[in-house]
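Biologist: Please take a close look at the ligand and the residues around it. I would also like to hear about a few residues elsewhere in the chain.

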Amino acid sequence: MVTFARSDTTMTLSEQITSAVRSVIGTNPAALHEPLFEGDEEKLTRECVETGWVSSVGKFVDAFERGLAEYTGASHAIAVTNGTAALHVALVAAGVGRSDEVLVPALTFIGTVNPIAYCGATPHFIDSLPNAPEIDIEALEAYLDGILELRGGSAFNKSTGARLAAILPVHVFGHPVDMDHLADISERYKIPVIEDAAEAMGSTYKGRHAGTFGLLGTLSFNGNKIITTGGGGAVLTNDADLARRIKHLSTTARVAHRMEFIHDMVGYNYRMPNINAALGVAQLRNINNFVLRKRILADRYAAVIEKIPAVRLLREGNDTQSNYWLQTLILDEEIADQRDQVLSALNDAGYGARPVWRLMHTLPMFESSPRMDLSGAEGMAARIVNIPSGPALVQL
Ligand SMILES: *Cc1c(COP(=O)(O)O)cnc(C)c1O
């Protein structure tokens, strides 16, 4: 019998990567990230429909908030309509306002940066490491030394005069940032940390859950995240006053009254509906199972990808446990020009592969925002390929 198997050396890079992915997840098409419903999702959402408690009142919102606090170790969790709203209300509660600047990575999803603009503040972009998508804290430190001045207990940008009101790190693809190092900077420069942990449910740094280090942290439960509520988000905090303020702000600032509608400030209608929270309660029961599957998937991908020269799978850093939300290939610089061919080949084979987001400072609405040197982020963004990552790709 004649076979036409080609040796690895004659395969193009795209063929090698596609064949490596196929060897791990099989030949069926696979999206970038799909939710998995194997528990009480149907039962609990049906209960909402049958009882009529589908909207802004019901027991599942409280249950989901308690479950989130318990799982993450945060003292308080406030469930809201999505991760973008969670960041918005967190920034408002932290006092970020007009003419402030917020330090934020250029390499992130738009949902991190839009809420800064909603507050009338300006994003001030920070760089990524040369070899990983997360922020380069050492470079940030050197940069802040040059641009920052402390006045009356707050940090100001010497060249724009704006207050540096917050730093908003992102645990990109579920890999936690070095929070000890960031906490040093936050303390020294008097800039509060608000963590965008939208991608990091189930990830820890030194054993502590992502999103619980800063003054505030936020999560997302969009359909492509680690657990989903359809659409949803949450704010985490250990500060009881902030928790109360966020609850108030996200529920139209309504003052409790038996019959009357009274509101004492401009609030937001960001409360998570009960039917979404029901889905969340069911999903949360399976989160350890999802994270385990995703970690196994990372090991399987790593084993085949490491055989391909000049490509690696992003692994978790020291002191961290990653949920591996999105599995991430990083091409070496010398083959970066083949990224789009790799993406096309994977998609042609039925695999949902994606490049990383367009860098935020290149988008028209943020083109003139202040920034540090962003060569790390630019280098990284050109070399990332995310590959199918959903929990269903591993059978336990
Ligand atoms: C998903 C995501 C958000 C926003 O969450 P939504 O629920 O989609 O509004 C914010 N930041 C990051 C990094 C995300 O991945």
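Modeller: Let's start with the ligand's oxygen atoms: one lies 2.7 Å from a polar backbone atom of Gly 83. An oxygen of the ligand is also 2.6 Å from an N or O atom in the side chain of Thr 84, and for the side chain of Ser 220 the corresponding distance is 2.7 Å. The ligand taken alone exposes 380 Å², of which the protein buries 92%; these accessible areas come from the Shrake-Rupley method with a 1.4 Å probe, and for residues only the protein chains shown count as cover. A polar contact here is a pair of N or O atoms within 3.5 Å; within protein, one must be able to donate a hydrogen and the other to accept it, and residues adjacent in sequence count only if both atoms are side-chain atoms.

Please keep in mind that this is a predicted model, where local features need pLDDT of at least 70, side-chain atom pairs count only at pLDDT 80 or more, and totals for chains, interfaces and linings use all residues. Residues are numbered from 1 along each chain as its sequence is written, and side-chain values use heavy atoms, with hydrogens and water left out.

Where does the ligand sit? The ligand occupies the largest pocket, in the sense that more than half of its atoms lie within 2 Å of the pocket's grid points. On a 1 Å grid over the protein atoms alone, a pocket is an open set of points with protein on both sides within 12 Å along at least five of seven lines, whereas a cavity is a set where a 1.4 Å probe fits but cannot get out; lining residues have an atom within 4 Å of a point.

Around the ligand there are 15 residues, the closest being Gly 83, Thr 84, Asp 196, Glu 199 and Lys 225; to be near, a residue needs a heavy atom within 4 Å. This shell splits into three nonpolar, nine polar and three charged residues. Ala, Val, Leu, Ile, Met, Phe, Trp, Tyr, Cys and Pro count as nonpolar, Asp, Glu, Lys and Arg as charged, and the others, Gly among them, as polar.

Strand S10 (residues 216–220) also contains Leu 219, which is buried at a relative accessible area of 1%. Buried means under 20%, exposed over 50%, and partly exposed in between (1.4 Å probe, protein chains only). Leu 219 and Gly 233 are 14 residues apart along the chain, with 5.2 Å between their C-alpha atoms. Helices (H or I, at least four residues) and strands (E, at least two) are DSSP runs numbered from the N terminus.

Now for some loops. Ser 99, in the loop between H4 and strand S2 (101–105), has a positive phi near 70° although it is not glycine, and it is exposed at 55% relative accessible area. Lys 190 has a positive phi too, near 60°; Lys 190 belongs to the loop between helix H7 (179–189) and strand S7 (194–196) and is partly exposed at 45%.

Within helix H7 you will find Asp 184, partly exposed at 46%. Its C-alpha is 9.8 Å from that of Glu 141, 43 residues away in sequence.

Finally, Arg 339 lies in helix H11 (residues 339–348) and counts as buried at 17% relative accessibility. A polar atom of the Arg 339 side chain is 3.1 Å from the backbone oxygen of Ala 381.
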